[in-house]
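Student: I am new to this structure and would like to work through it by question and answer. May we begin once it is in view?

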Amino acid sequence: MESRSPSASKFMTLERHIIEGERQHPGATGQFSGLLHDLSLAAKLVWREVTKAGLVNILGETDRMNISGDVVKHLDEFADQTIFRMMDHGGHLCVMASEENEDLLHIPEDYPHGKYVLLYDPLDGSSNIDANVTIGSIFSIYHRVTASGKGTMEDVLQPGCRQVAAGYVLFGSSMMFVYSAGHGVHGFTLDPSVGEFLLSHEDIRIPSKGTIYSMNEGYYERWEPGMQRFLQYIRQEDPSTGRPYSSRYIGSLVADVHRTLLYGGIYCYPGDRKKPKGKLRLAYENNPLAYIIENAGGIASDGRRRILDITPESLHEHSPLFLGSPEDVRLAEDFLAGRG
Ligand code: FDP
């Protein structure tokens with residue numbers, strides 16, 4: 001029989017990728033693979049509802065606010081509950097926390113408690129749902145630090161550098177699952193005809209410098225002078241340094257960060273006069289996205305400190321965020337420090 005030449009790209013499902021990754025860790029119990037598998041299934045269930053959003057009467061605002069002051073939409077609640085219900089009985093987790101809930105989410109007493117901790121933002125960018133703009137879910141996984149039983153606040157309030165994995169799911173023109181378990185960042189695209197995530201973006205590396213900036217310039221007047229000078233600088237004409245940069249701001253964090261990861265440049269959500277720590281949440285948004293960006297060769301900072309070195313003091317605390325290509329983020333830090 002004629003021998004076949006190796007195919008240019010092999011089919012790699014998310015599941016196989018996770019299992020092969022776990023095999024590299026002697027002594028691995030399979031709990032971690034099971035956890036990521038359950039998460040990917042939860043994501044598919046959320047995606048199914050997201051694609052129906054315009055068809056069924058699921059859109060519209062409820063009369064309650066989440067604890068960050070945003071108006072919660074029905075789809076947020078669905079995503080929040082679906083992820084919890086998918087993850088509460090697998091035996092992998094000892095506790096969870098969600099951006100939509102003020103307190104810890106405990107694993108019901110009668111289910112087994114595992115060694116991992118899950119933090120998640122069930123539906124980020126949800127103010128964009130009605131306009132069919134890309135939104136997503138973000139997740140962050142830690143080892144528990146308490147010995148056994150019910151997980152506690154101590155398990156949840158760990159600095160981002162202790163994450164064992166993190167990632168996000170994008171609900172856009174296609175659905176993507178992007179994750180890192182500390183060995184590169186890998187992106188999978190859902191093939192809806194077979195219901196499988198297939199490896200489409202292997203070992204993503206962020207360019208060391210980009211030419212795109214992403215920030216809500218509407219808040220310019222409230223920014224500190226260093227931030228204002230940084231924006232003025234990247235908008236100046238100087239082809240030798242790639243300036244002016246192009247502006248791209250979707251206002252849906254996962255979508256803005258995903259583009260930054262692929263194309264390079266800088267994403268900024270600084271603090272300002274009204275919100276000194278910005279709008280984004282350290283534990284649910286900044287830490288997991290910082291972990292992804294760093295594992296792709298980028299940098300994530302609050303303007304002065306590495307995001308992953310900050311120990312959260314409370315579940316829902318905010319922090320400014322500057323992430324992207326290393327040269328661009330360093331430049332922003334220089335301006336903020338008065339060196340620009
Ligand atoms: P949303 O309120 O639509 O959920 O943190 C939430 C978030 O969106 C991010 O996804 C987005 O990047 C940011 O808020 C947008 O905030 P601004 O409108 O202040 O730019």
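Student: Is Cys94 buried or exposed?

Tutor: This is a predicted model, and the answer rests on a computed accessibility. A residue counts as buried under 20% relative accessible area. Cys94 has a relative accessibility of 0%, so Cys94 is buried.

Student: Is Cys268 buried or exposed?

Tutor: The cut-off for buried is again under 20% relative accessible area. Because its relative accessible area is 1%, Cys268 is buried.

Student: How many disulfides does the structure hold?

Tutor: A disulfide requires two cysteine sulfur atoms within 2.5 Å. For Cys94, the closest cysteine sulfur is that of Cys161, at 18 Å, which is too far for a bond. For the structure, the number of disulfides is 0.

Student: Which side chain has an N or O atom 2.8 Å from an oxygen atom of the ligand?

Tutor: Backbone atoms also approach ligand oxygen atoms: a polar one of Gly125 at 3.1 Å, and an N or O atom of Ser126 at 3.3 Å. The side chain at 2.8 Å from a ligand oxygen is that of Lys279.

Student: How much of the area that the ligand exposes when taken alone does the protein buries?

Tutor: Taken alone, the ligand exposes 470 Å². The part of this area that the protein buries is 87%.

Student: How many residues surround the ligand?

Tutor: The closest are Ser127, Asn216, Tyr219, Tyr249 and Tyr269. By class, the shell divides into 6 nonpolar, 6 polar and 4 charged residues. The number of residues surrounding the ligand is 16.

Methods:
Residues are numbered from 1 along each chain as its sequence is written. This is a predicted model: local features need pLDDT of at least 70, side-chain atom pairs count only at pLDDT 80 or more; totals for chains, interfaces and linings use all residues. Side-chain values use heavy atoms; hydrogens and water are left out. Buried means under 20% relative accessible area, exposed over 50%, partly exposed in between (1.4 Å probe, protein chains only). A residue is near a molecule or strand if one of its heavy atoms lies within 4 Å of it. A polar contact is a pair of N or O atoms within 3.5 Å; within protein, one must be able to donate a hydrogen and the other to accept it, and residues adjacent in sequence count only if both atoms are side-chain atoms. Accessible areas come from the Shrake-Rupley method with a 1.4 Å probe; for residues, only the protein chains shown count as cover. Ala, Val, Leu, Ile, Met, Phe, Trp, Tyr, Cys and Pro count as nonpolar, Asp, Glu, Lys and Arg as charged, and the others, Gly among them, as polar.
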